[in-house]
Protein chains: 2
Amino acid sequence: MSNDQQYPIPDLAEVELVDVLRALADPVRLQILQVLADGRAHPKSQPEWGLDLQKSTLSHHFKTMREAGLTETLVDGRTHEIRLRRDELAVRFPGLIDSLLAAR
Amino acid sequence: MSNDQQYPIPDLAEVELVDVLRALADPVRLQILQVLADGRAHPKSQPEWGLDLQKSTLSHHFKTMREAGLTETLVDGRTHEIRLRRDELAVRFPGLIDSLLAAR
DNA sequence: AAATCAGTTCGATTAATGTCAAACGATCAG
DNA sequence: CTGATCGTTTGACATTAATCGAACTGATTT
């Protein structure tokens with residue numbers, strides 16, 4: 001079996017703006033967001049993100065973003081990928097992700 | 001003399017997105033932002049904001065927002081007003097403030 | 001001049017957060 | 001089966017941040 005989503009993600013209807021902002025008010029997670037901007041799924045492996053962090057720290061940031069409704073996880077064997085929930089976010093918070101990704 | 005702006009505000013060119021997000025990733029300051037959404041200057045006095053906080057706490061939040069580039073202060077004698085730097089913010093972070101104010 | 005008022009600053013307390021290392025669980029390779 | 005790999009969880013530590021009350025500053029009023 002592969003690509004089953006099996007980490008719990010919140011319904012965006014229950015996510016508040018302040019939750020999303022808290023999740024993104026961190027340089028590491030903002031960098032992760034930028035990488036995810038291409039709309040594709042990215043492996044959780046360290047080299048992917050251009051960040052000099054331990055894997056446990058990275059794992060913490062992934063969890064934070066997922067619980068804030070920003071990402072979903074795709075599990076395939078022992079590797080994981082994450083994807084930005086861009087369409088759903090655009091419905092819940094129109095224009096927000098776009099403006100964040102456009103900022104330099 | 002009145003309405004001289006005399007609290008230092010940063011040049012938005014030097015403000016990073018993460019600074020703005022940190023400043024807004026708080027329910028109190030998000031509420032203040034909503035009040036400022038009408039574009040007018042609002043007095044710092046407590047009844048204005050619908051928040052049950054001591055004045056020293058409110059003062060802390062105003063300072064945080066000002067230093068993040070979100071607001072400017074207008075001093076008139078012993079009373080102060082603050083205003084959202086909306087036009088400048090729209091140039092530096094296009095669409096961001098609008099999407100935040102539209103979120104429910 | 002003295003009292004009052006608006007707002008800031010300071011110090012203390014408490015809670016939340018980012019980071020790492022170590023241990024753990026599950027999957028895959030030999 | 002054994003060992004390596006991917007990622008999570010846990011616990012510890014240090015830092016940041018929100019809040020309050022008290023003291024303070026400067027402006028206004030009496």
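This is a guided tour of a predicted model in which two protein chains, A and B, meet two DNA strands, C and D.

**The two protein chains**

Begin by selecting chains A and B together and superposing chain B on chain A, which takes a rotation of 180° with 0.0 Å of shift along its axis and leaves an RMSD of 0.0 Å. The two copies are thus related as by a two-fold rotation axis. If you then select the contact residues of chain B, you will find that 100% of them recur in chain A, so that the same surface serves both copies.

**DNA strand D**

Next, select DNA strand D and display the residues around it, of which there are 20, with Lys44(A), Ser59(A), Arg78(A), Arg29(B) and His61(B) being the closest. On the DNA side, sugar and phosphate account for 61% of the atoms of DNA strand D that come within 4 Å of the protein.

Which elements should be coloured to follow this surface? In chain A, choose helix H3 (55-67) and strand S3 (79-84), and in chain B choose helix H3 (55-67), since each of these supplies at least two residues of the surface near DNA strand D. H3(B) provides the largest share, with 4 residues. Colouring the surface near DNA strand D by residue class shows 2 nonpolar, 11 polar and 7 charged residues.

Three individual polar pairs are worth centring in the view. At Lys44(A), a polar side-chain atom lies 2.5 Å from a phosphate oxygen of DNA strand D. Moving to Arg78(A), you will see a polar side-chain atom 2.7 Å from a base oxygen of DNA strand D. On the other protein chain, select His60(B), where a polar side-chain atom lies 3.0 Å from a phosphate oxygen of DNA strand D.

**DNA strand C**

Now switch the selection to DNA strand C, which has 20 residues around it, and among these Arg29(A), His61(A), Lys44(B), Lys55(B) and Ser59(B) come nearest. Of the atoms of DNA strand C within 4 Å of the protein, sugar or phosphate contributes 65%, while the rest belong to bases.

Which helix gives the most to the surface near DNA strand C? Select H3(A), which contributes 4 residues. To complete the picture, add H3 and strand S3 (79-84) of chain B, for these two elements and H3 of chain A each supply at least two residues of the surface near DNA strand C. By class, the surface near DNA strand C is made up of 2 nonpolar, 11 polar and 7 charged residues.

For the details, zoom first on Gln54(A), where a polar backbone atom is 3.1 Å from a phosphate oxygen of DNA strand C. Continue to His60(A), whose side chain places a polar atom 3.2 Å from a phosphate oxygen of DNA strand C. Then select His61(A), where a polar side-chain atom lies 2.4 Å from a phosphate oxygen of DNA strand C.

**Helix packing in chain B**

Leave the DNA for a moment and select helix H2 (residues 27-36) of chain B with H3(B), which pack at an angle of about 70° with their axes 10 Å apart. H2(B) and H3(B) are therefore roughly perpendicular to each other. With side chains displayed, Val28(B), Arg29(B), Ile32(B) and Leu33(B) in H2(B) can be seen to meet Leu58(B), His60(B), His61(B), Phe62(B), Thr64(B) and Met65(B) in H3(B). The residues of this contact divide into 6 nonpolar, 3 polar and 1 charged.

Keep H2(B) selected and add helix H1 (residues 17-24) of chain B, which packs against H2(B) at about 95°, with the axes 7 Å apart. Arg22(B), Ala23(B) and Leu24(B) of H1(B) make the contact with Arg29(B), Leu30(B) and Leu33(B) of H2(B). Here the contact residues comprise 4 nonpolar, no polar and 2 charged.

**Helix packing in chain A**

Finally, select helix H1 (residues 17-24) and helix H2 (residues 27-36) of chain A, whose axes come within 7 Å and cross at roughly 95°. That makes H1(A) roughly perpendicular to H2(A). The residues to display are Arg22(A), Ala23(A) and Leu24(A) in H1(A), which meet Arg29(A), Leu30(A) and Leu33(A) in H2(A). By class, the contact of H1(A) with H2(A) holds 4 nonpolar, no polar and 2 charged residues.

Key
Residues numbered from 1 in each chain as written. Chains lettered and ligands numbered in written order. Predicted model: local features only at pLDDT ≥ 70, side-chain atom pairs only at ≥ 80, totals over all residues. Heavy atoms only, no water. Least-squares fit on C-alpha atoms with pLDDT ≥ 70 in both. Contact = heavy atoms within 4.5 Å. Near = heavy atom within 4 Å. Polar contact = N/O pair within 3.5 Å; in protein donor to acceptor, adjacent residues only side chain to side chain. Nonpolar A, V, L, I, M, F, W, Y, C, P; charged D, E, K, R; others polar. Axes fitted to C-alpha atoms, helices over the stretch in contact; angles between N-to-C directions. Parallel < 35°, antiparallel > 145°, perpendicular 65-115°, else oblique.
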